[in-house]
Protein chains: 2
Amino acid sequence: MRHVAESTIRRLPLYLQFLEKAEAEGKATVSSRALAERGGATPAQVRKDLSFFGSFGKRGIGYPTRQLASQVREILGLGRRYRVVIVGAGRIGAALANYPGFEQRGFDVVAIYDADPGKVGRRLDGLTIRPVTALGDDLGAAPVDIAVIGTPGAAAQDTADRLVRLGVRGILNFAPVSLVVPREVALTNVNMALELEALTFALNRRRA
Amino acid sequence: MRHVAESTIRRLPLYLQFLEKAEAEGKATVSSRALAERGGATPAQVRKDLSFFGSFGKRGIGYPTRQLASQVREILGLGRRYRVVIVGAGRIGAALANYPGFEQRGFDVVAIYDADPGKVGRRLDGLTIRPVTALGDDLGAAPVDIAVIGTPGAAAQDTADRLVRLGVRGILNFAPVSLVVPREVALTNVNMALELEALTFALNRRRA
DNA sequence: GAGTGTGAAATTGTTCACAGCG
DNA sequence: CGCTGTGAACAATTTCACACTC
């Protein structure tokens, strides 16, 4: 397994989504063509993507649905569950706390934090909102893998710095600022305003 | 102006974010190096990106902050305001309705819809939740540019189909399914579970 | 000197096309 | 025969490097 393209990795969850659907529908095998339709790829691209990791298909037949799903989960590191904390119990934090995809796909939200004393102690989807000041003790006692940042923009970088110091290895950032973290920490930014702005460009482009 | 790379477009909002910050701080000019630091690009990339659209900088000095910001806004089509509807008043919809970045950056959320009669009529950030059945009449009377989909996955494709028929030109989809829309409609998918899964891969990669 | 603008080189990512297996 | 696996061709994107201007 040589250098795997970043873009390949980002397509794998899409393939997995399709595979799980096909599995639920009882399809024993699935072709690269079928996989390509979801996920906006071409059949050749699907085959190339998968070939980075091994030969999972049977010529003339396709890929065994169940096995491939399990392989892709393995590749993505979804063979185990991940401990996740959410920092920021505002609307974004609240939306994330009960996002059905998380639990279902192996991510356990173990705690949610907020800086506002008025929010601390309230319950949210079975979790009691804890003060951000407790982060150090909590993560010291039981480390987590991933943190989701849903704080206001102004607090996001400080929050990230603290989380990194506390050993968090991956950050999913919903605050509308670009964070700086050490290279060894995986960071994904989701910035809705930026998405909308890029969309706007496309909107005007297509009119032409 | 030749073919502009998709990746270039996606960096422009990042540059704009930085330019607005620099403008607020009273910096008269800004260098490609400074612009690159935010936005995870290289100085050369910034210069190349901008050069697709014209020569905005002065050699030896940098780019005039205010002018460049205004140019980038123009390029992205942010010279006017956009009418936006949100479909789905669940937690994601609620989080989006009050997302501070929207209003501030030229996007007016004019209505929010839900299929659940129990939610219809409730107020959310100054908007009364309307029944999805009213979409046809509402958009017929006053068209919108962009729709944000925050429905459950099962309803997302139907919703998208209807919105497209009603003349929506751009869709920002937060439902956890990949939507299919005609080529002339601009679509951006934001799928949090998928982001997390790609993050997981990076997490394990870096350990090596 | 500092910093842009830009062709040309290097790298990265995608598509083709076909050999080979089931 | 259908469909995978993959080198080789091609296309897109990024980086380099340097002429040029302030």
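The exercises below work through contacts, burial and salt bridges in a predicted model.

**Exercise 1. The interface**

Task: Determine how many residues each chain gives to the contact between chain A and chain B, and which element of chain A supplies the largest share of its side.

Solution: Begin with the residues in contact, of which 60 come from chain A and 61 from chain B. Next take the area, since the size of an interface is often given as the accessible area lost when the parts come together; here chain A and chain B bury about 5600 Å² between them, with 65% of it on carbon and sulfur atoms. Then turn to the polar side of the interface, where there are 14 residue pairs in polar contact, both residues being at pLDDT 80 or more. The elements of chain A that give two or more residues to the side touching chain B are α1 (6-24), α4 (65-76), α5 (91-97), β8 (170-173), β9 (186-189) and α9. Of the side of chain A that touches chain B, the largest share, 16 residues, comes from α9(A). Finally, count the salt bridges between chain A and chain B, which number six; one of them joins the side chains of A:Asp125 and B:Arg91 at 2.8 Å, N to O.

**Exercise 2. A threonine in α9(A)**

Task: Establish whether A:Thr200 is buried or exposed, and which residues of chain B it touches.

Solution: Locate the residue first: A:Thr200 is found in helix α9 of chain A, which covers residues 192-207. Its relative accessible area is 0%, and because buried means under 20%, A:Thr200 is classed as buried. Leaving out residues up to four places away in sequence, A:Thr200 touches B:Leu76, B:Gly77, B:Leu78, B:Tyr82, B:Phe107 and B:Ile146. Within chain A, the side chain of A:Thr200 reaches the backbone oxygen of A:Leu196 at 2.9 Å. One of the residues touched, B:Tyr82, also has the charged end of B:Arg80 over its ring, 4.0 Å from the ring centre.

**Exercise 3. An aromatic pair**

Task: Decide why the pair formed by the rings of B:Tyr99 and B:Phe102 is edge-to-face.

Solution: A pair of aromatic rings is described by the distance of the centres and the angle of the planes. For B:Tyr99 and B:Phe102 the centres are 5.1 Å apart and the planes stand at 65°. Centres must lie within 6.5 Å to pair, and planes over 60 degrees apart count as edge-to-face, so the pair of B:Tyr99 and B:Phe102 is edge-to-face. Both B:Tyr99 and B:Phe102 are buried.

**Exercise 4. Salt bridges and accessibility**

Task: For the salt bridges A:Glu23 to A:Arg66 and B:Asp49 to B:Arg11, find which elements they link and how accessible the partners are.

Solution: A search of the whole structure finds 25 salt bridges over all chains. In the bridge between A:Glu23 and A:Arg66, the closest N and O atoms are 3.3 Å apart. This pair links distant parts of the chain, with A:Glu23 in helix α1 of chain A and A:Arg66 in helix α4 of chain A, 43 residues apart. A:Glu23 is partly exposed at a relative accessible area of 23%, whereas A:Arg66, at 60%, counts as exposed. In the bridge between B:Asp49 and B:Arg11, the closest N and O atoms are 2.7 Å apart. Here B:Asp49 lies in helix α3 and B:Arg11 in helix α1 of chain B, 38 residues apart, and both residues are buried. Elsewhere, salt bridges that share partners join A:Glu20, A:Arg73, A:Arg105 and B:Glu197 into one network.

Definitions and conventions:
Residues numbered from 1 in each chain as written. Chains lettered and ligands numbered in written order. Predicted model: local features only at pLDDT ≥ 70, side-chain atom pairs only at ≥ 80, totals over all residues. Heavy atoms only, no water. Phe/Tyr/Trp six-rings, centres within 6.5 Å; stacked < 30°, edge-to-face > 60°. Buried < 20%, exposed > 50% of the residue type's maximum accessible area, 1.4 Å probe, protein only. Lys NZ or Arg CZ within 6 Å of the ring centre and 35° of its normal. Helix = DSSP H or I, 4+ residues; strand = E, 2+ residues; numbered from the N terminus. Polar contact = N/O pair within 3.5 Å; in protein donor to acceptor, adjacent residues only side chain to side chain. Contact = heavy atoms within 4.5 Å. Buried area = accessible area lost by both parts, 1.4 Å probe. Salt bridge = Lys/Arg side-chain N within 4 Å of Asp/Glu carboxyl O.
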